[in-house]
Amino acid sequence: PFYLRGTMNAWGTSTPMQRVDADIYRAELALAPGEHSFKIGSEDWGAVDFGAGAQAQTTLGAPMRLAMVGRNLTFTAAEAGTYRFILDVANPLLPT
């Protein structure tokens, strides 16, 4: 399984990514306003450790290519609300 792991959940495994299609996973999480750092990883970080490639700052609604073992991604929540994070692994070598 994949987990959304970051400052919003103490980098833990409390936010699993749910499979919604053959290659699509998603997690929804209530966030406070401000900057949040995150990655998508497996429980032990050994099997999956998706993070930032050349760019770390994400943009709401814009797909972003992930690095297999990348730096922390950042997301700025403009306001408190529930945000959806989507992982597309249709091409496992180029996840977004």
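Where along the chain does Ala10 lie? Select Ala10 and you land in the loop between strand S1 (3-6) and strand S2 (18-19). Keep in mind as you click around that this is a predicted model.

**Stop 1: Ala10 and Trp45**

Stay on Ala10 for a moment and check its backbone: phi is positive, about 55°, although the residue is not a glycine. Ala10 is also exposed, with a relative accessible area of 67%.

Now jump to Trp45, in the loop between S4 and S5. Here too phi is positive, about 65°, and again the residue is not a glycine. Trp45 counts as partly exposed because its relative accessible area is 27%, which falls between the 20% and 50% cut-offs.

**Stop 2: zoom out**

Switch to a cartoon view of the whole protein chain. You'll find seven strands and zero helices, so the pattern along the sequence reads β-β-β-β-β-β-β. The C-alpha atoms fill a box of roughly 35 × 25 × 25 Å along the principal axes. For 96 residues, a compact globule would have a radius of gyration near 12 Å, and the 12 Å of this chain agrees with that.

Try colouring by burial: buried residues make up 42% of the 96. If you draw contacts with a separation of 6 or more, 55% of them come from residues 24 or more positions apart. Turn on the surface and you're looking at about 5500 Å² of accessible area, 54% of it belonging to carbon and sulfur atoms.

**Stop 3: the aromatic rings**

Next, select Phe38, Phe75, Tyr83 and Phe85, which ring pairs link into a cluster. In the whole structure, the count of aromatic pairs comes to six. One of them is Phe38 with Phe85, an edge-to-face pair with 5.1 Å from centre to centre and 70° between the planes. This pair links distant parts of the chain: Phe38 sits in strand S4 (residues 34-41) and Phe85 in strand S7 (residues 81-88), 47 residues apart.

Are these two rings' residues buried or exposed? Phe38 is buried, at 5% relative accessible area, and Phe85 is buried too, at 10%. Both values fall under 20%, so both residues meet the cut-off for buried.

**Stop 4: the salt bridges**

How many salt bridges does the structure hold? There are two. Show the side chains of Glu28 and Arg84 for one of them: their closest N and O atoms are 2.5 Å apart. Glu28 lies in strand S3 (residues 24-31) and Arg84 in strand S7, so this pair ties together parts that are 56 residues apart in sequence. Glu28 is partly exposed, at 42% relative accessibility.

For the other, pick Asp49 and Lys39, whose side chains meet at 2.7 Å, N to O. Asp49 is in strand S5 and Lys39 in strand S4, ten residues apart. Asp49 and Lys39 are both buried.

**Stop 5: a patch on the surface**

Finish on the outside. Which residues make the nonpolar surface patch? Select Met68, Val69, Leu93 and Leu94, and you have a patch of about 410 Å². To find Met68 in the cartoon, look in the loop between strand S5 (49-50) and strand S6 (73-77). Met68 counts as partly exposed, at 38% relative accessibility, and patch residues need over 30%.

Note on methods: Residues are numbered from 1 along each chain as its sequence is written. This is a predicted model: local features need pLDDT of at least 70, side-chain atom pairs count only at pLDDT 80 or more; totals for chains, interfaces and linings use all residues. Side-chain values use heavy atoms; hydrogens and water are left out. Patches are made of residues with over 30% relative accessible area and no salt bridge: like charges are joined within 9 Å, nonpolar side chains (Val, Leu, Ile, Met, Phe, Trp, Tyr) within 5 Å. Accessible areas come from the Shrake-Rupley method with a 1.4 Å probe; for residues, only the protein chains shown count as cover. A salt bridge is a side-chain nitrogen of Lys or Arg within 4 Å of a carboxyl oxygen of Asp or Glu. Helices (H or I, at least four residues) and strands (E, at least two) are DSSP runs, numbered from the N terminus. Buried means under 20% relative accessible area, exposed over 50%, partly exposed in between (1.4 Å probe, protein chains only). Rings of Phe, Tyr and Trp (its six-membered ring) pair if their centres lie within 6.5 Å; planes under 30 degrees apart count as stacked, over 60 as edge-to-face and the rest as tilted. The radius of gyration is taken over C-alpha atoms; the globule rule is 2.2 Å times the number of residues to the power 0.38. Contact means heavy atoms within 4.5 Å.
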